[in-house]
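Let's take a walk through this model together. Have the viewer open and follow along.

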Amino acid sequence: MKYQAEIDTIRATHPDGYNVSCEPQVGEMLYALVRLCQPVVAVEIGCFLGFSTYHILSALAANGTGKLYAIEGRDFQQTFRDKPECVFMLGDSHQLVPTLPPVDFAFVDGDHSYVGLSMDIAALMPKLRIGSVVVFHDTESYDGTLKAVAELPKVFEKVTLPTPIVPERALWEGKPSGITIVRKVA
Ligand SMILES: C[S@@+](CC[C@H](N)C(=O)[O-])C[C@H]1O[C@@H](n2cnc3c(N)ncnc32)[C@H](O)[C@@H]1O
């Protein structure tokens, strides 16, 4: 994986911060999905230090095509910003998503409130093509994300999967995050 060293550094040097990064298995799944879907335009909402971001960027590098529009509201001087596969966007996703080109793949891990995630979904909807894939994180650990994803329109195929409990996310007292993967079919 092109950015394995950066991924390892985030895990090794930010043990507290790592608590809000996704699980290593979710990172591997993002890598595999981006390799499968071969997006031209990928989007991440909520990058934090870049753990998930680096998995997506690594997959785009392996694909040899595609850009990740990486949206994050907080300035952590993230190391992924200047990578060739990345277009970094510092600011509020609710304002930035409407400025994006059509989107083939998205990982949504930003605002976990019901209102905030519903706004992200509403902004993403007109950007998605038939066949576009969106992955939502924390759809079993937050009531707001659970509700917003449950209300997704019927134009999506949808599956929610469990995620393993990993020591780094002990913050959630053993509650699995869960992911929901959707594909626009109509
Ligand atoms: C759970 S963390 C993301 C973890 C990251 N995906 C990973 O796996 O390493 C959520 C991030 O979303 C960002 N965020 C929350 N609401 C946002 C918004 N409306 N616009 C942009 N970023 C937002 C937060 O600043 C935080 O860094």
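**Around the ligand**

Helix 3 (51-63), strand 2 (67-72) and helix 4 (93-96) are a good place to start, since each gives at least two residues to the shell around the ligand. Keep in mind that you're looking at a predicted model. The ligand has 20 residues around it, and the ones that come nearest are Ser21, Cys22, Gly46, Ser52 and Gly73. Sort that shell by class and you get seven nonpolar, eight polar and five charged residues.

Now zoom out to the whole protein. Its secondary structure adds up to six helices and seven strands, and if you trace them from the N terminus, the order is α-α-β-α-β-β-α-β-α-β-α-β-β. The C-alpha trace spans about 40 × 40 × 30 Å along its principal axes. How does the radius of gyration sit with a compact globule? For 186 residues, such a globule would come out near 16 Å, so the protein's 15 Å agrees. Buried residues account for 44% of the 186. Look at contacts between residues at least 6 apart in sequence, and 72% of them join residues at least 24 apart.

For a close-up, pick His137, which lies in strand 5 (residues 128-137). Is His137 buried or exposed? It has 25 other C-beta atoms within 10 Å, and the cut-off for buried is 20 or more, so His137 counts as buried. Leaving out residues up to four places away in sequence, His137 touches Cys22, Val26, Val108, Asp109, Ser177 and Ile179. Cys22 is a residue you've already met, as one of those that come nearest the ligand. Finally, find His112: it is 25 residues from His137 in sequence, and 9.0 Å away in space, C-alpha to C-alpha.

How values were computed
Residues are numbered from 1 along each chain as its sequence is written. This is a predicted model: local features need pLDDT of at least 70, side-chain atom pairs count only at pLDDT 80 or more; totals for chains, interfaces and linings use all residues. A residue is near a molecule or strand if its C-beta atom, placed from the backbone, lies within 6 Å of it. Helices (H or I, at least four residues) and strands (E, at least two) are DSSP runs, numbered from the N terminus. Ala, Val, Leu, Ile, Met, Phe, Trp, Tyr, Cys and Pro count as nonpolar, Asp, Glu, Lys and Arg as charged, and the others, Gly among them, as polar. The radius of gyration is taken over C-alpha atoms; the globule rule is 2.2 Å times the number of residues to the power 0.38. A residue is buried if 20 or more other C-beta atoms lie within 10 Å of its own, exposed if 12 or fewer, and partly exposed in between; C-beta atoms are placed from the backbone. Two residues are in contact if their C-beta atoms, placed from the backbone, lie within 7 Å.
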